[in-house]
Amino acid sequence: MDAVQIIATGKALPKKLVTNDDMSKIVDTSDEWISTRTGIRQRHFCDGEKNWELACQAAKHALEKGGIEKEQIGAVIVGTATPDYIMPSMACIIQEELGLPEDIPAFDINAACSGFIYALRVAGSLLQEEARPYALVLGSEQLSTRTDMTDRSTCVLFGDGAGAVIIKRNTEKKFYGVWGTVGNRASLGCPGHVMGDPYIYMDGQTVFRFATQYMSNAVKQVLEKAELTLEDVDYVVCHQANERIIEYVRKQFKAPAEKFFKNIGKYGNTSAASIPIALTEMDEQGLLEPGKKVVIVGFGAGFTWGSMLLEF
Ligand code: UT7
């Protein structure tokens, strides 16, 4: 398979900003506990905005930045575990709202926090066949609607937001990626309104162990496939779930702090949106010039995991 090349990025955050001090007025917690255990200082929560509205905003941002005509988009895939509707999919709503072509596939992927990586890989495969040159890939989440705001062990961790990228095939480079599944319903999930249990449950320590082990291994595997070492890579972008998890992975590779991009402090864990939001911020900071190599890596409920090498 040819490599997936990102040519534009975009993001959207809800207006409402919620600090750790704000959270401490809702549950028995403190800025000190949250920031030292997770690195999170604030997050955005939707206050009337729909998830699909954020997604459309992020998608428009990416299309405008890339100067891409709508007619050139050959697929829309959204990684999300928190769609507004069971159906239609978020991707179908984006197709309608943005007036994208009608003869293209548009669908969502639920791989929880790994959703963006899964969506990117699937979109890259679709582009091998599509006549149109580009695909629109998003991670877009509204975790605040699935979080029990009386459960301090989960409600302080998550945030809402959307990230979007426009990708094309790079026929001069090969694709390097890994992904997988380790089924474990007991440790992390969200039965949802249909099952009469709307909120996320989590065994934090089991998830922590899974995340550190599988993200470290996934990065190693991608590097091995690409015959690279971490020194050959400019940045690693981990799913932003917990600063301590990212630091654990970084230390496995004895990598300098600046190689592992972090913005969890500003947004909390935005699930499938965390990596595309991070890529958008890196682009805005001028970190993603042509030629830069970036490994993205994530994990999520399922458990799911995945990693991929990107070359800009
Ligand atoms: O996309 C989903 C991904 N999820 C994750 O990545 C989560 C991975 N796990 C983690 O990040 C960590 O396990 C947490 C941040 C969730 C928890 O950190 P921890 O160091 O594993 O804490 P803990 O669960 O062992 O709890 C330690 C203490 C407990 O009190 P006791 O029993 O020692 O008295 C908790 O009740 O901290 C208490 N606690 C809190 N205290 C203040 C739990 N949540 C809070 C809170 N504020 N928000």
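## A tour of sheets and helices

Select residues 293-300, strand β12, together with residues 304-311, strand β13: the two run antiparallel and are joined by eight bridges. The model on screen is predicted. At one place in this pair, Gly300 faces Thr304 of β13.

Now keep β12 and β13 selected and add the helix at residues 274-284. This is α10, which packs on the sheet and touches β11, β12 and β13. Its direction makes about 145° with that of β11.

Next, show the whole sheet. Four strands form an open sheet in the order β8-β13-β12-β11, and their pairing is mixed. Colour residues 177-181 and 235-238 to mark the edges: these are β8 and β11, and each has a single partner strand, so one side of each has no neighbour in the sheet. On average, neighbouring strands here are turned by 15° against each other, direction ignored.

A further helix belongs in this view. Select residues 115-127, helix α5, which lies across β8, β12 and β13. Relative to β13, α5 runs at about 55°.

**The helix pair α3 and α4**

Leave the sheet and select residues 51-66, helix α3, and residues 90-98, helix α4. How do the two lie against each other? Their axes come within 10 Å and cross at roughly 55°. Angles from 35 up to 65 degrees fall outside the parallel and perpendicular ranges and count as oblique, and α3 and α4 are therefore oblique to each other. The crossing of α3 past α4 is right-handed.

Show side chains to see which residues meet. From α3 come Asn51, Trp52, Ala55, Cys56, Ala59, Lys60 and Leu63, and from α4 come Met90, Ile93, Ile94, Glu97 and Leu98. Sorted by class, this contact holds nine nonpolar residues, one polar and two charged.

**Strands β1, β6 and β7**

The last stop is strand β7, residues 160-174. Which strands pair with β7? One is β1, residues 2-12, which runs antiparallel to β7 and is joined to it by 10 bridges. Zoom in on Ala12 to find Ala162 of β7 opposite.

Another is β6, residues 134-142, which pairs with β7 in the antiparallel sense over nine bridges. Select Glu141 here: its bridge partner in β7 is Gly161. With Ala12, Ala162, Glu141 and Gly161 all displayed, a bridge position of β7 can be viewed for each of the two pairings.

How values were computed:
Residues are numbered from 1 along each chain as its sequence is written. This is a predicted model: local features need pLDDT of at least 70, side-chain atom pairs count only at pLDDT 80 or more; totals for chains, interfaces and linings use all residues. Side-chain values use heavy atoms; hydrogens and water are left out. Two strands pair if DSSP finds at least two bridges between them. Axes are lines fitted to C-alpha atoms, for helices over the stretch in contact, and angles run from 0 to 180 degrees between N-to-C directions. Contact means heavy atoms within 4.5 Å. Angles under 35 degrees count as roughly parallel, over 145 as roughly antiparallel, 65 to 115 as roughly perpendicular and the rest as oblique. A crossing is left-handed if the near helix is turned anticlockwise from the far one by less than a right angle, and right-handed if clockwise. Ala, Val, Leu, Ile, Met, Phe, Trp, Tyr, Cys and Pro count as nonpolar, Asp, Glu, Lys and Arg as charged, and the others, Gly among them, as polar.
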